[in-house]
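Please read the following points alongside the sequence and the coordinates. They are set out in the order in which a colleague might wish to check them.

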Number of protein chains: 2
Amino acid sequence: MVKTKAKAVECGSTGEKLTLPDVTCAKEFSKLAWAIAHPARIRIVRLLLSRKACVCGEIVEEMPLAQSTVSQHLKILKESGLVQGEIDGPRICYCINQKVLKQLKRLVANL
Amino acid sequence: MVKTKAKAVECGSTGEKLTLPDVTCAKEFSKLAWAIAHPARIRIVRLLLSRKACVCGEIVEEMPLAQSTVSQHLKILKESGLVQGEIDGPRICYCINQKVLKQLKRLVANL
DNA sequence: ACCGCCTATCGTATATCGACGATTTACAGT
DNA sequence: ACTGTAAATCGTCGATATACGATAGGCGGT
């Protein structure tokens, strides 16, 4: 049921203009927007960007939230594709997926 | 209870970089992201952008949703500031608030 | 003044989010 | 093999989102 879905989203990646107010990519777009539609997740994204990478524990320390809650937000971010986690020794190293972040920026910029 | 809240949000409007992964503006940002975190609302925004302005009835016709549901989404968009509605004769003319849209674009671009 | 159209709001049901503590799983080191 | 740490998952709860039909309000035209 988890399905992580790290599959690269194609929507808008070719740079076309998306002029149609169609259903086109609205779902993928909204999913990405959803990922940053919470203050805690925005903080996490900024944190990851400022440090390039981060283990979960560091994130927990920076936020006034329980570990399990942070883990939930990380899961949402991973499912959106914005964040990816690599097992790096004993811990898990989270980092921003620049490709997806760029896609999000492009989608918003093309609004 | 409606309160439209067209108040200009200051966050990021001066163009500073927002390097801190702080709580700064995370709430305002997430609120804007929230506004487009639903396929139907993205469609509405695109529709409004492609036509410059639009009455509610036209939007309802383009979407597979009940009129009351569309009205709800419009309310959310209005509360976020992204959309504003002006009473134009018998109907209500909705349009994008370019200032807020630009702010959203800036916030995302500065991620 | 009445009627019909357009939009907003109310009330309601269902689904999902957001938060937490408790538990389980994975891995490094002893 | 055992232990301890790190992270994910489970189970639960209240709050909120989403959707709809029904109803209320505003405005033009007859």
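1. By residue class, the surface near DNA strand C has 11 polar, nine nonpolar and two charged residues. This is a predicted model, and the composition should be read with that in mind. Of the 22 residues around the strand, those that come nearest are Ser68(A) from chain A and, from chain B, Val55(B), Cys56(B), Gly57(B) and Ser68(B). The elements that give two or more residues to this surface are helix H4 (67-80) of chain A and, in chain B, helix H3 (56-62), helix H4 (67-80) and strand E3 (91-96). The largest share, six residues, comes from H4(B).

2. On confidence, chain A has an average pLDDT of 80, and 74% of its residues score at least 70. Among its elements, H4(A) has the highest mean, 95, whereas strand E2 (residues 83-88) of chain A has the lowest, at 80. Two stretches of chain A deserve a caution: residues 1-9 stay under 50 in pLDDT and make nine contacts beyond four places in sequence, while residues 12-21 are also below 50 and have 15 contacts in the model beyond near neighbours in sequence.

3. Turning to the protein interface, 26 residues of chain A are in contact with 26 residues of chain B. On the side of chain A that touches chain B, helix H1 (26-35), helix H2 (39-51) and helix H5 (98-109) of chain A each supply at least two residues, and H2(A) gives the most, with eight. The make-up of this side by class is 18 nonpolar, four polar and four charged residues.

4. H2(A) merits a point of its own. Its 13 residues should span 18 Å at 1.5 Å a residue, and because the C-alpha atoms at its ends are 18 Å apart, the model agrees with that expectation. The buried residues of this helix are Ile42(A), Ile44(A), Val45(A) and Leu48(A), together with the arginines Arg41(A), Arg43(A) and Arg46(A). After H2(A) comes Lys52(A), which has a positive phi, near 70 degrees.

5. As for the overall fold of chain A, there are five helices and three strands, and from the N terminus on they follow the order α-α-β-α-α-β-β-α. Of the 111 residues in the chain, 36% are buried. Where contacts in chain A between residues at least 6 apart in sequence are considered, 54% of them join residues at least 24 apart.

Conventions: Residues numbered from 1 in each chain as written. Chains lettered and ligands numbered in written order. Predicted model: local features only at pLDDT ≥ 70, side-chain atom pairs only at ≥ 80, totals over all residues. Near = placed C-beta within 6 Å. Helix = DSSP H or I, 4+ residues; strand = E, 2+ residues; numbered from the N terminus. Nonpolar A, V, L, I, M, F, W, Y, C, P; charged D, E, K, R; others polar. pLDDT = per-residue confidence, 0-100. Contact = placed C-beta atoms within 7 Å. Expected span 1.5 Å × (residues − 1). Buried ≥ 20, exposed ≤ 12 C-beta atoms within 10 Å, placed from the backbone.
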